[in-house]
Amino acid sequence: MSDTRLREEICRYGRSLFERGLTPGSSGNISMRLDDGGWLVTPTNASLGFLDPGRISRLDAGGRLVSGDKPTKEIPLHSALYELRGSARAIVHLHSTHAVALTMLPEIDPRAALPPMTPYYLMRAGETALVPYYRPGDPAVADAIRGLAGKYASVLLANHGPVVAGDSLEAAVFATEELEETAKLYLLLRNLNPRYLSPQQVLDLASTFKLDLPSLDDHEGHDHG
Ligand SMILES: [Zn+2]
């Protein structure tokens, strides 16, 4: 895909996310990794609803600004996840309400922030990790993401929002939407004793759709040494 097409794609998905209320004001950012190792990333203080393709920040492989506006200060989030997820081509970070709410609940498991509620959550977002709170732009968040060893494509930042990597921008956007909707379901059903997918149903999905779920890796490692 040409540089121009990629820029247009970032603007189109950004507008769609913003217009559906999935990230307010100038919050949230989107990046795409390019064939030369450089990236396109949304500028600092830019609303995802009103991006200008010509002003998107173009960085080289070393993270230096080549053209466009100053990039988002949340670059450390993106670079850490790209570093660990070799196949990732795009990352979406939002301040979406239900996912942010989820991060503040006391019972959340940092290695499985959501239970297996629906097949499409597992198929699009996989499992989700939760990392502690860091001030926006604090480079220490990158170390917290590195601590997950690249097992998770979906990460929640406590009191802040989701960061999701995908093999394409469409995949990253769809995964972020599934994460947000699943967080909403969790909040709707919390304390109502809902029936989640059974371990057998999760295994069936994982084997049928070749899902890379960290909880199953741990299980295999335990069984087979
Ligand atoms: Zn943010």
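In the predicted model, the zinc ion is coordinated by Glu74, which appears twice in the list of donors through OE atoms, and by the NE2 atoms of His93, His95 and His160, at 2.0 to 2.6 Å. Along the sequence, the donor residues follow the spacing E-x18-H-x1-H-x64-H. Two of the histidine ligands were assigned to classes of accessibility. Histidine 93 has a relative accessibility of 0% and therefore counts as buried. Histidine 95, at 26% relative accessibility, counts as partly exposed, because the partly exposed class lies between the cut-offs of 20% and 50%.

Helix α1 comprises 17 residues, 3–19. At 1.5 Å a residue a span of 24 Å is expected, and the end C-alpha atoms of α1 are 24 Å apart, so the two values agree. The buried residues of α1 are Leu6, Arg7, Glu9, Ile10, Cys11, Tyr13, Gly14 and Leu17. The cover over these buried residues includes the strands β1 (29–33), β2 (39–41), β3 (57–59), β4 (65–67) and β5 (90–93), together with helix α6 (169–189). Arginine 12 places its charged end over the ring of tyrosine 13, at 5.5 Å from the ring centre; tyrosine 13 is itself among the buried residues of α1. After α1 comes glycine 21, with a positive phi near 75°.

Two aromatic pairs were counted in the model. One of them joins phenylalanine 18 and phenylalanine 50 in an edge-to-face arrangement, with 5.5 Å from centre to centre and 65° between the planes. The angle qualifies as edge-to-face because it exceeds the cut-off of 60 degrees. Since phenylalanine 18 belongs to helix α1 and phenylalanine 50 to the loop between β2 and β3, the pair ties together parts that are 32 residues apart in sequence. As to accessibility, phenylalanine 18 counts as partly exposed, at 24%, whereas phenylalanine 50 counts as exposed, at 67%.

Helix α7 spans residues 199–208, and Val202, Leu205 and Ala206 are buried in this helix. These residues cover an arc of only 100° around the axis and therefore lie on the same side of α7. An α-helix has 3.6 residues a turn, so residues three or four places apart point the same way. Beyond α7, lysine 210 has a positive phi, near 55°.

Note on methods: Residues numbered from 1 in each chain as written. Predicted model: local features only at pLDDT ≥ 70, side-chain atom pairs only at ≥ 80, totals over all residues. Heavy atoms only, no water. Donors = N, O, S within 2.8 Å, 3.2 Å for Na, K, Ca; no water. Buried < 20%, exposed > 50% of the residue type's maximum accessible area, 1.4 Å probe, protein only. Helix = DSSP H or I, 4+ residues; strand = E, 2+ residues; numbered from the N terminus. Expected span 1.5 Å × (residues − 1). Contact = heavy atoms within 4.5 Å. Arc of directions from axis to C-beta. Phe/Tyr/Trp six-rings, centres within 6.5 Å; stacked < 30°, edge-to-face > 60°. Lys NZ or Arg CZ within 6 Å of the ring centre and 35° of its normal.
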